[in-house]
Every structure is written in structure tokens, then in C-alpha cells.
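This briefing concerns a protein chain modelled together with two DNA strands. Please consult the sequence and the structure shown below before reading the points that follow.

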Amino acid sequence: MPELPEVETIVRALREGRGDIPSVKGRKIAAAWLFWQRTLQHPSAEEFLAAIPDQVISQVTRRGKLIWFHLTRSHLFLHLRMSGDVRVEPMVWGGDQSPTAQKHDRLVIGFSDGWGMYFNDTRKFGRAWLVNNPDLVIGNLGLEPLSDEFTAGWLYRNLQQSNRQIKTLLLDQTFLAGLGNIYTDEALHLAKIHPNRIASKIDANASRALWHSIREVLKSGIDSHGASIDWVYKGGDFQNKFRVYRRTGLPCPECGSVIQRILVGQRSTHFCPLCQPIL
DNA sequence: CCTGAAACCTGTCTGC
DNA sequence: TGCAGACAGGTTTCAG
């Protein structure tokens, strides 16, 4: 479920509590259990399990699509990738000194108060890092699209410097951090720009429209608590506001034309052939 | 510099 | 009912 609005929704819940997820701020970690080795990207399992006890979560924030836990002595990052999710609930002990886990639980962070934070990830693409230097994880990320640094002028200047297809560029996390397949398609439709357009050929007016659209779509997604699709992630309802994403064959909300699906950079791409001409 | 293919994974849905 | 194939919110790596 992982694009900026979905991750932001989860981060806010982990920070302040919401629905089924209570705040984890201030909780002290007692131990951790790793059920799928490759979920832990860094460091080794031995180092991780030894370093994590007794650290307190002082803050929970987001950078791009990463959940960032600020700990006493280090930083814990979680990337949900395609199917990751986080639960917080009381731990129920199994017979072997480890908490009872649900199907697809890959990592459990156990707190000293008996509660646990469960990282569930069906497809096993998700990753966790424990580092002293945050830049080892987030150092190469591009601008936050909802930050003040991301201005219309910045976008236009940088589009001018790239000969890549606009959709591919927007998905590049070293360019902008947080956009994924849903919000890229939605932003391009709102801005009336064809996903195959070459970035440097987008004029100042269209660039400004894109800048505005990216921010609008992300804010709208956050307001809706993200999008819930298939069996992954629930709680959001932005899927009811999709303009083009996964609406192949259905009418464009703006002009009624039939929404088309193409592949761009190996990703399913949905657009309106009338509203978003190739030019 | 840029694109495309493949890999990493499990599950669901569609069509024959 | 079975089964093959397509497809899924992401990212990395490698070939050309």
C-alpha cells in the first residue's frame, strides 16, 4: 500500500494513534523477532537483535515512502514496498519465547509494556534498516513534494534538464520522493499531460499545472487516508476518487472518453487520450 | 544518459 | 474444476 499518502497515514497513526493503531511514541523496545531474514536489509540479524533492546522510540516521521523511527541511539526505517503493513497490538506468547505471529508477519518489535509492532508483508519485498546515520537509507532521496522546497520554479528548471518520459521521471525517487504508480497517473491526468511526454519538452504553463496537480493529488490522498485496493491495506478511501488509475475502459471524468492503459517503464499506466494528448 | 528486461515474492482474478 | 497466464501500490541490477 505504499505511496506517500498511505505511508503518511500510517506514520501519523504510529505517532498520534488512530483507529486500530495506538501511538508507539515513548515506548521502550524490549526485543525483536525476525521471521524472514531478507526483510532486514541492514545490519546483520545478530547486530540488529543485539542493538535494538532498551531503545525508546522518541519520534515517528516519514521521508519519501519510508517510515522513520527515531530511537535512543539509532534510526529504524521501514519500507513497505508493494504489500507491507504495520499493526500494533498486545503480544500473545507462543510456547517458544516468541510472540504468536500471523501469516506473513516478517518482523516483530516487542515493547516493554507487552505490546508489539508487527511488520506484515505478503510479498516479502519490504525492508527494514537500523542505522546510526540516516543518510545511509534516505541520503539519495529527492525533494519532498509537499515541502516548501518543491516549488513550481524548481520543477520547471529540473524538467528542462531531463530527456526522460515524464511518468518515469516522476516515479524516480531520487527526483521526487513519494510518488508511486497511482498518484503519478492521477497527477498527470489532472495536469492534462501525456505520460510519455519528454520532460524537457513540457512548457512552463504545463509544468506549473503539473506542480499544482502533484500537490493536490497527494493532499487529497492524505485527506482520504490513502487508497485501499485488493487485499492490501484498508482504511483509506481514495480509491473512490480515482480519475484514471485502474479505470481502463471506463469514461474519463472530465470528457467521457474511454480511459486507455499502456505500459510506461514497465508500469501499468492509465490516461485519457483526449485530455492528455501526446502533442 | 536512457530504456527495457529480469529478479525479488505471494496471491487473486480471468479465460480457456 | 483445473490450470496457465496476467497482473498487483516498489526498487535494484544489469545489458544494450
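Between domain 1 and domain 2 the count of salt bridges is zero, a salt bridge being a side-chain nitrogen of Lys or Arg within 4 Å of a carboxyl oxygen of Asp or Glu. The model is predicted: local features need pLDDT of at least 70, side-chain atom pairs count only at pLDDT 80 or more, and totals for chains, interfaces and linings use all residues. Residues are numbered from 1 along each chain as its sequence is written, chains are lettered from A and ligands numbered from 1 in the order in which they are written, and side-chain values use heavy atoms, with hydrogens and water left out.

**Domain interface**

- Chain A is assigned domain 1 (4-138) and domain 2 (152-271), with bounds from an automatic or database domain assignment.
- The C-alpha centres of the two domains are 30 Å apart.
- Contact (heavy atoms within 4.5 Å) involves 15 residues of domain 1 and 17 residues of domain 2.
- The two domains bury about 1,300 Å² between them, 62% of it on carbon and sulfur atoms; this is the accessible area (1.4 Å probe) lost on putting the two parts together, summed over both.
- Five residue pairs, both at pLDDT 80 or more, are in polar contact across the interface of domain 1 and domain 2; the term denotes a pair of N or O atoms within 3.5 Å, where within protein one must be able to donate a hydrogen and the other to accept it, and residues adjacent in sequence count only if both atoms are side-chain atoms.
- Helix α1 (residues 4-16) gives seven residues, the largest share of the side of domain 1 that touches domain 2.

**DNA strand B**

- Strand B is surrounded by 13 residues, the closest being His104, Thr122, Arg123, Lys124 and Gln266; a residue is near a strand if one of its heavy atoms lies within 4 Å of it.
- Arg123 places a polar side-chain atom 2.8 Å from a base oxygen of DNA strand B.
- An N or O atom in the side chain of Lys124 is 2.8 Å from a phosphate oxygen of DNA strand B, and for Lys103 the distance to a phosphate oxygen is 3.4 Å.

**DNA strand C**

- Strand C is surrounded by 24 residues, the closest being Ala227, Ile229, Tyr245, Arg267 and Ser268.
- Sugar and phosphate make up 61% of the strand C atoms within 4 Å of the protein.
- Arg267 has a polar side-chain atom 2.2 Å from a phosphate oxygen of DNA strand C.
- For the side chain of His79, an N or O atom is 2.9 Å from a phosphate oxygen of DNA strand C.

Methods:
Helix = DSSP H or I, 4+ residues; strand = E, 2+ residues; numbered from the N terminus.
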